[in-house]
Amino acid sequence: MTEETVNDETVKEEASGVLDWFSRRLNLTEIFSLLTSYGVFHAELDSRKNIRDAIEEAKAQPMPSYDQWPRVLGLLAVVLLLIEIVTGSLLAFYYLPTPQTARVSIATILRDVNFGWFVHQIHFWGAQLLIAVLIIRVLRFLMRGVYRKPRELMWVFGVLLLLVCFHSDLTGRALPMTGTAYWSSVRALELVSSIPIYGSVMLFVLGGGETVITELTLIRFYLLHVALLPFAAITLIYLHFSSVRRLGQTESSSESASPQGGPVIRMHLLNQAILFTVLLGILVSLAVLVPVPLDDAADPYATVVGVGPPWYLLAPFGFLELTAGFLPTWIAGSLLFIAFTAFVLLPFLPGFRDGKRSRMVTLALVALLLVAWIALTIYGARVA
């Protein structure tokens with residue numbers, strides 16, 4: 001036995017000793033199993049067993065369906081949310097949530113903090129990519145019929161996660177308090193106020209019944225953005241992945257034949273490394289090549305021309321503008337509320353609940369939905 005081999009064996013024994021020391025004092029298996037709930041580890045662990053035995057047992061499990069393209073979108077969302085939490089936490093060290101100091105603190109981050117501009121751009125573009133990934137994932141679920149029994153909750157949690165991320169980006173959009181950020185948020189609040197019940201509740205939560213951003217509104221935006229909505233997103237991802245792990249995304253995506261033992265873990269980690277590298281490359285490219293400029297400070301009395309709500313709200317905004325001539329605002333808002341509620345509860349609606357709708361009919365409905373959404377988005381962008 002060579003000296004190098006002896007050293008390797010010594011290192012392994014020392015690592016094993018440290019692991020055993022912690023295992024006698026903590027339930028490491030239960031702690032580590034949390035990673036499986038977010039897809040970071042490829043198989044569920046038996047928390048009643050020692051962590052070494054539980055991992056050895058997990059090696060016999062096949063590659064999960066969500067770790068194979070195109071089902072990797074779920075993992076992509078988890079990684080993006082993690083990036084948003086890390087970058088948002090770094091920005092929070094310097095951000096001051098008042099109308100007088102908000103833009104100044106952002107300017108300080110961009111100008112004076114080392115790599116502050118980079119973190120700020122990564123945070124912004126990460127949010128846009130997260131929403132885009134979740135939209136694509138929901139559309140894919142719709143096309144694949146991932147709402148049929150017994151996957152109803154998988155669909156509900158997935159759509160609710162998308163709506164939570166809409167609100168998270170919306171509350172963060174106003175925080176710089178620049179002219180563009182302010183009036184884009186105001187347009188979004190006007191859209192929200194047109195929806196009965198939901199709009200009244202949201203405006204009350206944000207500090208009043210008016211579609212203006214006051215000091216109280218900004219603080220509540222900040223609280224929602226950095227605490228309540230991230231907590232809701234993490235909880236929904238946990239519940240969503242619990243359903244995915246229990247049932248698989250579709251019957252045809254049941255865990256396919258794959259290597260067992262060490263190769264499964266190595267393949268899983270390699271897939272995640274490739275995913276993270278590609279994602280980071282895209283984010284860095286957007287941050288460097290398409291940076292979001294810092295506009296002048298917001299003036300509540302000077303409307304910025306051509307500023308509409310965020311891109312993901314342009315379709316409902318376009319619908320309200322299109323119907324303004326012949327429908328009262330509260331009726332158009334009620335139709336939007338019914339449409340979004342029906343979309344969340346799709347698995348329980350007649351015609352979808354039994355799962356007998358043909359694939360061609362489903363694809364036609366998805367195509368119609370996409371065409372209508374894109375058309376309304378274009379119209380909303382033009383009239384903004």
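Student: Does Phe115 count as buried or exposed?
Tutor: The model is a predicted one, and the answer is computed from its atoms. The place of Phe115 is in the loop between α5 (102–111) and α6. A residue is exposed when its relative accessible area is over 50%. Phe115 has 61% relative accessibility, so this residue counts as exposed.

Student: What is the phi of Phe115, a residue that is not a glycine?
Tutor: Most residues other than glycine have a negative phi. Phe115 is not a glycine, and yet its phi is positive. The value is about 60°.

Student: Which residue in the loop between α8 and α9 may be examined in the same manner?
Tutor: The loop in question runs between α8 (179–193) and α9 (198–205). One of its residues has a positive phi, near 65°, although that residue is other than glycine. With a relative accessible area of 63%, it is exposed. The residue is Ile197.

Student: Which two residues are joined by a cis peptide bond?
Tutor: Most peptide bonds are trans. Here, however, a cis bond is found with an omega of about 5°. One of its partners lies in the loop between α6 (116–144) and α7 (152–173). The two residues joined are Lys149 and Pro150.

Student: How many salt bridges are found in the whole structure?
Tutor: A salt bridge requires a side-chain nitrogen of Lys or Arg within 4 Å of a carboxyl oxygen of Asp or Glu. One of the pairs is Arg111 with Asp112, at 3.2 Å from N to O. For the whole structure, the search gives a total of three.

Student: In the salt bridge of Arg111 and Asp112, which category of exposure applies to Asp112?
Tutor: The side chains of Arg111 and Asp112 meet in a salt bridge. Arg111 counts as exposed, at 60% relative accessibility. Asp112 has a relative accessible area of 46%, a value between the limits of 20% and 50%. Asp112 is therefore partly exposed.

Student: With which residue does Arg173 form a salt bridge?
Tutor: The closest N and O atoms of this pair are 2.9 Å apart. The partners are four residues apart in helix α7, so about one helical turn separates them. The partner counts as buried, at 9% relative accessibility. That partner is Asp169.

Student: Why are Arg187 and Glu190 separated by about one helical turn?
Tutor: The side chains of these residues meet in a salt bridge, at 3.3 Å from N to O. An α-helix has 3.6 residues a turn, so residues three or four places apart point the same way. Arg187 counts as buried at 17% relative accessibility, whereas Glu190 is partly exposed at 33%. The separation of about one helical turn arises because both residues lie in helix α8 and their spacing is three residues.

Student: Which side chain of opposite charge is nearest to Glu84?
Tutor: Glu84 has its place in helix α4 (residues 73–92). This residue is buried and has no salt bridge. Its side chain does reach the backbone nitrogen of Ala127, at 3.3 Å. The nearest side chain of opposite charge, 10 Å away, is that of Arg173.

Student: Why do the buried residues of α3 lie on the same side of that helix?
Tutor: The buried residues of helix α3 (residues 51–58) are Ile51, Ala54 and Ala58. They lie on the same side of α3 because the arc they cover around the axis is only 60°.

Student: How many residues of helix α12 are buried?
Tutor: Helix α12 comprises residues 314–323 and is mostly covered. Its buried residues include Leu314, Phe317, Phe319 and Thr323. Of its ten residues, the number buried is eight.

Student: Which helix contributes the largest share of the nonpolar patch?
Tutor: The patch, of about 610 Å², includes Trp117, Phe276 and Val290. Phe276 is partly exposed, with a relative accessible area of 39%. The largest share of the patch, five residues, comes from α11.

Student: What is the distance in space, C-alpha to C-alpha, between Glu215 and Pro97?
Tutor: Glu215 has its place in helix α10 (residues 215–247) and counts as partly exposed, at 41% relative accessibility. Glu215 and Pro97 are 118 residues apart in sequence. In space, their C-alpha atoms are separated by 8.2 Å.

Definitions and conventions
Residues are numbered from 1 along each chain as its sequence is written. This is a predicted model: local features need pLDDT of at least 70, side-chain atom pairs count only at pLDDT 80 or more; totals for chains, interfaces and linings use all residues. Side-chain values use heavy atoms; hydrogens and water are left out. Buried means under 20% relative accessible area, exposed over 50%, partly exposed in between (1.4 Å probe, protein chains only). Helices (H or I, at least four residues) and strands (E, at least two) are DSSP runs, numbered from the N terminus. The arc is that of the directions from the helix axis to the C-beta atoms. Patches are made of residues with over 30% relative accessible area and no salt bridge: like charges are joined within 9 Å, nonpolar side chains (Val, Leu, Ile, Met, Phe, Trp, Tyr) within 5 Å. Accessible areas come from the Shrake-Rupley method with a 1.4 Å probe; for residues, only the protein chains shown count as cover. Lys and Arg count as positive and Asp and Glu as negative; His and the chain ends are not counted. A polar contact is a pair of N or O atoms within 3.5 Å; within protein, one must be able to donate a hydrogen and the other to accept it, and residues adjacent in sequence count only if both atoms are side-chain atoms.
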